[in-house]
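Trainee: Please take one part of this model and go through it closely, then set it against the rest of the chain. Which residues make up the largest nonpolar core?

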Amino acid sequence: MTYSQRLFHHTYASQRENAHFIEFRLLQRLNLVQLENELAQLKGKVWSHMDASDQDMKLLRATLRDYATAIRDFEYLRRMKNITLPDERLADLRQAFPEIADLPGDPYNSRYCTTFEQLPHSNDPLRNFLKDVLPRQLTYTKAEIAYRTDEYLSGVSPESISPSVDRLARFVLGVVGGAAPVVPMLIMSINSTQAKSLTTTSVAVVLFAIAMAAGIRATNAETLAATAAYAAVVVVFVGTSGS
């Protein structure tokens with residue numbers, strides 16, 4: 001199979017995947033340094049002769065334009081989103097073009113980036129749980145359906161958190177957060193005794209701490225602060241009801 005045929009087949013087979021681009025940072029810097037050297041030579045020539053001919057000006061304008069374009073291209077690629085290319089996709093690339101992959105310097109080993117506007121991944125257990133159990137129509141974004149069509153049709157969980165899942169998670173947290181102090185207060189206010197109030201407070205604080213640790217992504221300091229604040233609110237109610 002010729003190179004052009006392999007190029008077509010590889011491109012056609014990967015057309016549904018998220019497009020990725022190789023930064024080639026070293027090559028870009030080589031280009032920038034070369035253009036800087038050419039401009040430095042032109043500057044030295046102008047200063048040596050104290051004159052700039054029409055040919056020199058044409059060359060100067062072209063080189064300055066290339067230099068500015070190279071800077072913009074370098075900055076544009078540097079600002080693109082990083083992606084980790086899966087091992088199988090990198091293997092497909094090297095298998096499709098072995099004569100390039102076997103060249104010195106490992107040509108395909110570079111930073112890979114993309115223009116795809118992907119929603120941020122989440123390590124939040126609640127959001128991860130919701131995106132696993134909710135229908136795919138709610139958990140997938142249109143953009144992710146476009147580049148992960150096979151996974152969408154086969155029922156694989158999405159990589160990112162859709163706005164629907166995020167809104168539902170916020171609603172659940174709002175309901176739970178509002179009910180957390182109210183429910184223990186209602187229990188303690190009915191046939192209130194000191195033993196009942198202390199037992200209810202202890203159980204409520206423990207359950208709140210478990211929910212914070214297991215259901216919400218938070219640091220140790222945030223978990224400790226939230227649990228302490230919750231315990232303080234409930235204990236204040238115990239003291240008020242007891243008096």
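Mentor: I will start with the overall form, go on to the core, and end with some single residues elsewhere.

This is a predicted model, in which local features need pLDDT of at least 70 and side-chain atom pairs count only at pLDDT 80 or more, while totals for chains, interfaces and linings use all residues. Residues are numbered from 1 along each chain as its sequence is written, and side-chain values use heavy atoms, with hydrogens and water left out.

The protein has twelve helices and three strands; these are DSSP runs numbered from the N terminus, H or I over at least four residues for a helix and E over at least two for a strand. Its radius of gyration is 31 Å, well over the 18 Å that the globule rule gives for 243 residues, so the protein is more spread out than a compact globule. That radius is taken over C-alpha atoms, and the rule is 2.2 Å times the number of residues to the power 0.38. The C-alpha trace spans about 100 × 55 × 30 Å along its principal axes.

Of the 243 residues, 26% count as buried, where buried means under 20% relative accessible area, exposed means over 50%, and partly exposed lies in between (1.4 Å probe, protein chains only). The accessible surface comes to about 16,400 Å², and 62% of it belongs to carbon and sulfur atoms; areas come from the Shrake-Rupley method with a 1.4 Å probe, and for residues only the protein chains shown count as cover. Among contacts with a separation of 6 or more, 71% are between residues 24 or more positions apart, contact meaning heavy atoms within 4.5 Å.

Now the core itself. A nonpolar core is a set of buried Ala, Val, Leu, Ile, Met, Phe, Trp, Tyr and Cys residues joined through side-chain atoms within 4.5 Å. The largest one has ten residues: Ala 180, Met 188, Ala 204, Val 205, Phe 208, Met 212, Tyr 230, Ala 231, Val 234 and Val 238. Three helices, α10 (163–189), α11 (194–215) and α12 (220–242), each supply at least two residues of this core. Tyr 230 shows how the core members meet: leaving out residues up to four places away in sequence, it touches Ala 180, Pro 181, Pro 184, Ala 204, Val 205 and Phe 208. There is also a second, separate core of nine residues, which includes Leu 93, Ala 96, Phe 97 and Ala 101.

Helices of the largest core also carry residues with more open surroundings. Val 182 is found in helix α10 and counts as partly exposed at 42% relative accessibility. From Val 182 to Val 156 the C-alpha distance is 39 Å, with their positions 26 residues apart in sequence. Ala 211 lies in helix α11 and is partly exposed, with a relative accessible area of 39%. The C-alpha atoms of Ala 211 and Thr 223 are 9.8 Å apart, and the two are twelve residues apart along the chain.

Outside that region, two buried residues are worth a look. Leu 35 lies in helix α2 and is buried at 7% relative accessible area. Not counting residues up to four places away, Leu 35 touches Thr 63, Asp 66, Tyr 67 and Ala 70. Its C-alpha atom is 6.0 Å from that of Tyr 67, which is 32 residues away in sequence. Thr 139 lies in helix α7 (residues 136–139) and is buried with a relative accessible area of 1%. Beyond neighbours within four places in sequence, the contacts of Thr 139 include Leu 130, Leu 134, Pro 158 and Val 165.

Arg 78 is in helix α3 (residues 54–79) and is partly exposed at 41%. Apart from neighbours within four places, Arg 78 is in contact with Glu 23 and Arg 111.

Last, the backbone. Most residues other than glycine have a negative phi. Phe 24 has a positive phi of about 50 degrees and sits in the loop between β1 (21–22) and α2 (25–49), partly exposed at 34%. Asp 106 also has a positive phi of about 50 degrees; its place is the loop between α5 (98–101) and β3 (112–114), and it is partly exposed at 30%.
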